[in-house]
Structures are given as structure tokens and as C-alpha cells.
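Got your viewer open? Load the model below, keep the selection box handy, and follow along stop by stop.

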Amino acid sequence: MRYAALALMLSAAPVLAEMPKGISHFTLSNGLEAVVIEDHRAPVVVQMVWYKVGSADEAPGKSGIAHYLEHLMFKGTEKMAPGELSKTVTANGGMDNAFTSYDYTAYFQRIASDRLPLVMEMEADRMENLRIGPDDWQAERQVVLAERAQRTDSDPSALFGEEVNATQYYNHPYGRPVIGWRQEMEGLTRDDALAWYSSHYAPNNAVLIVAGMSPPTRSVSWPRNTTAPSPPAKALCASRARKSPSSIRRAGWSAAMRACRSRS
Ligand SMILES: [Zn+2]
């Protein structure tokens with residue numbers, strides 16, 4: 001419905017690269033990079049939004065904030081009540097979830113293709129208008145602590161893996177667990193989450209992927225055209241380049257530099 005008007009946004013957008021048939025890659029005028037993978041075998045579509053930020057970008061002492069914010073992204077906006085996004089997806093026959101890693105945080109929905117505008121609207125809304133209630137943040141902090149207890153603290157092999165990583169990458173952010181160190185997770189606050197959100201969640205720090213029976217490629221657009229301040233992606237990479245012993249450079253440097261290159 002909004003495709004026709006918003007297709008105008010694409011008119012000046014450069015094509016980034018030659019892609020295989022059925023795959024398009026372009027950047028909208030608000031800086032949002034988009035990849036459309038057309039597949040018309042079934043009337044289903046997957047929408048993903050990948051933010052170019054993850055746990056490796058966390059400040060020392062704030063481990064776990066990337067994953068914690070991922071949880072808080074389901075807490076609603078001015079328009080949506082806490083949990084309403086997922087309930088709406090489910091009520092429309094779809095499913096949704098999210099995940100966090102060292103270099104990215106991603107959100108996705110799989111749904112009937114005629115509901116793409118619905119999930120796109122909700123995803124755009126929470127990209128810009130997240131609201132974290134005074135009670136929500138503490139309850140959700142308990143949820144991520146419980147997740148850590150279940151997946152790591154109660155699993156000797158997971159604990160061992162954490163220690164191996166911390167030793168192998170001891171002067172590099174890959175040495176911190178994505179979920180965070182427990183004692184630091186316990187200190188994360190609503191202000192920490194909002195600061196993380198306002199610094200990193202913006203169209204020009206994200207990649208939209210639409211795969212499946214999507215609308216005609218050149219009509220796919222984003223329901224918002226605002227451009228938030230450009231996140232300090234290069235500064236983030238610089239902060240990773242700490243002085244480190246040669247053993248650490250051997251172990252982790254190439255992966256870290258690949259990550260930096262991919263975000264520049
Ligand atoms: Zn989680």
C-alpha cells in the first residue's frame with residue numbers, strides 16, 4: 001500500500017553490487033541497506049533486520065548490554081504495548097525472534113507475504129521509538145540472568161568454553177561472553193540500555209533482508225525515512241584495536257579486522 005509512494009526513495013539510491021538473478025542489494029535514502037531475495041515458491045516471506053553492532057562493541061564493565069537490549073526491543077513503543085509485536089505476528093500466523101552475537105544483533109519475522117507491510121511497520125517503529133518502562137527493565141534483567149544460569153552457569157562445558165575464550169582473547173572483546181559476565185549483567189541499567197539503543201539503532205547502521213515472495217524489488221522500501229545520527233562505527237573498530245601481545249594478534253586479529261572492514 002505504501003510501496004508506490006516510498007518507491008521514490010529508491011530512485012536516487014545507488015546499486016551497491018552486481019548480485020545473482022533474483023537478488024537485489026541497494027541502499028535507501030535513509031542509509032538502510034537492503035537485500036531482497038525473491039523466491040516465489042510459496043506465499044511466505046522472511047524479514048530480517050541486522051544491526052551492525054554486537055557484544056564485541058560493548059564497553060568494559062558493561063558486558064551483556066547488546067543481548068539485554070535485544071530482549072528489551074520487545075518491550076513496546078508509543079504505539080505498541082510490551083509484547084504486542086510478537087503477539088501480532090503470532091495472531092497473523094507468523095513467528096518471530098531475535099539473536100545476538102559478537103558483531104551483530106538481528107531480529108526476524110516469518111509470515112505470509114501479504115503481511116510484510118505489517119511487520120515492516122512494526123520493525124521500523126521499534127527501530128526509532130522503543131519505550132522501556134520503569135518496571136520492564138528490571139524484570140527483563142532477571143530474564144537474561146536466568147538465561148545465563150540455564151545456558152552457562154549450570155553447564156560445565158559452557159563455563160569451560162567461556163574460560164578458554166577469555167584466555168585466548170584476553171585482550172580482545174571476543175574474550176567476553178556474548179551473554180555477559182554475571183556480575184556485570186547484574187549492574188546493567190535502563191540508562192545503559194537506552195544509551196546503547198540511541199547509539200547503535202538507526203537505519204544507517206542496519207541491513208534489511210527480505211526473502212521469499214516479496215513485492216517487486218524496486219518497490220520494497222522502509223516505512224520511515226528519518227536518518228538518525230550516524231553511529232560511530234569506525235570509532236568502535238578503533239576501540240577494539242588495543243595494544244595486545246603477539247599471541248593475541250595471532251589468535252584474534254584477523255577475525256577482528258574482518259569485522260571492522262565489514263562495517264566500514
Ligand atoms: Zn536471550
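Start by selecting helix α4 (residues 116–128), which lies across β3, β5 and β6 and runs at about 15° to β3. A few ground rules for reading that: helices (H or I, at least four residues) and strands (E, at least two) are DSSP runs, numbered from the N terminus. Axes are lines fitted to C-alpha atoms, for helices over the stretch in contact, and angles run from 0 to 180 degrees between N-to-C directions. Residue numbers count from 1 along each chain as its sequence is written. This is a predicted model, where local features need pLDDT of at least 70 and side-chain atom pairs count only at pLDDT 80 or more, while totals for chains, interfaces and linings use all residues.

**The sheet**

Now show the strands. Six of them form an open sheet in the order β1-β2-β6-β3-β5-β4, with mixed pairing. Its edge strands are β1 (23–27) and β4, each of which pairs on one side only. From one strand to the next, the twist averages 15°. Two strands count as paired if DSSP finds at least two bridges between them.

Go to the β1 edge and add strand β2 (residues 33–38): β1 and β2 pair in the antiparallel sense over five bridges. Pick Phe26 and you'll find it opposite Ala34 in β2. The two strands form a hairpin with five residues between them, and Gly31 in the turn has a positive phi of about 95°.

Next, select strand β3 (residues 44–51) and strand β6 (residues 206–212), an antiparallel pair with seven bridges. Click Met48 here; its bridge partner in β6 is Ile209.

For the other edge, take strand β4 (residues 95–100) and strand β5 (residues 105–112), which pair in the antiparallel sense over six bridges. Thr100 stands opposite Thr105 in β5, and a hairpin of four residues joins β4 to β5.

**Around α2**

Hide the strands and select helix α2 (residues 65–72) with helix α5 (residues 136–153): they pack at an angle of about 120°, their axes 10 Å apart. That makes α2 oblique to α5, because angles under 35 degrees count as roughly parallel, over 145 as roughly antiparallel, 65 to 115 as roughly perpendicular and the rest as oblique. Show side chains for His67, Tyr68, His71 and Leu72 in α2, which meet Trp137, Glu140, Arg141, Val143 and Val144 in α5; contact here puts the C-beta atoms, placed from the backbone, within 7 Å. By class, this contact has five nonpolar, two polar and two charged residues. (Ala, Val, Leu, Ile, Met, Phe, Trp, Tyr, Cys and Pro count as nonpolar, Asp, Glu, Lys and Arg as charged, and the others, Gly among them, as polar.)

Keep α2 and swap in helix α8 (residues 190–200). What is the angle between α2 and α8? They pack at about 90°, with their axes 10 Å apart, and are therefore roughly perpendicular to each other. On the α2 side, select Ile65, Ala66, Tyr68, Leu69 and Leu72; on the α8 side, Asp192, Ala193, Trp196 and Tyr197. This contact has eight nonpolar, no polar and one charged residues.

**Last stop: confidence**

Colour by pLDDT, the predictor's confidence in each residue, from 0 to 100. The mean for the protein chain is 82, and 75% of its residues reach 70 or more. Select residues 1–13: pLDDT is below 50 there, and the stretch has 23 contacts in the model beyond near neighbours in sequence. Finish at residues 227–238, where pLDDT is also below 50 and there are 21 such contacts.

Technical notes. Two residues are in contact if their C-beta atoms, placed from the backbone, lie within 7 Å.
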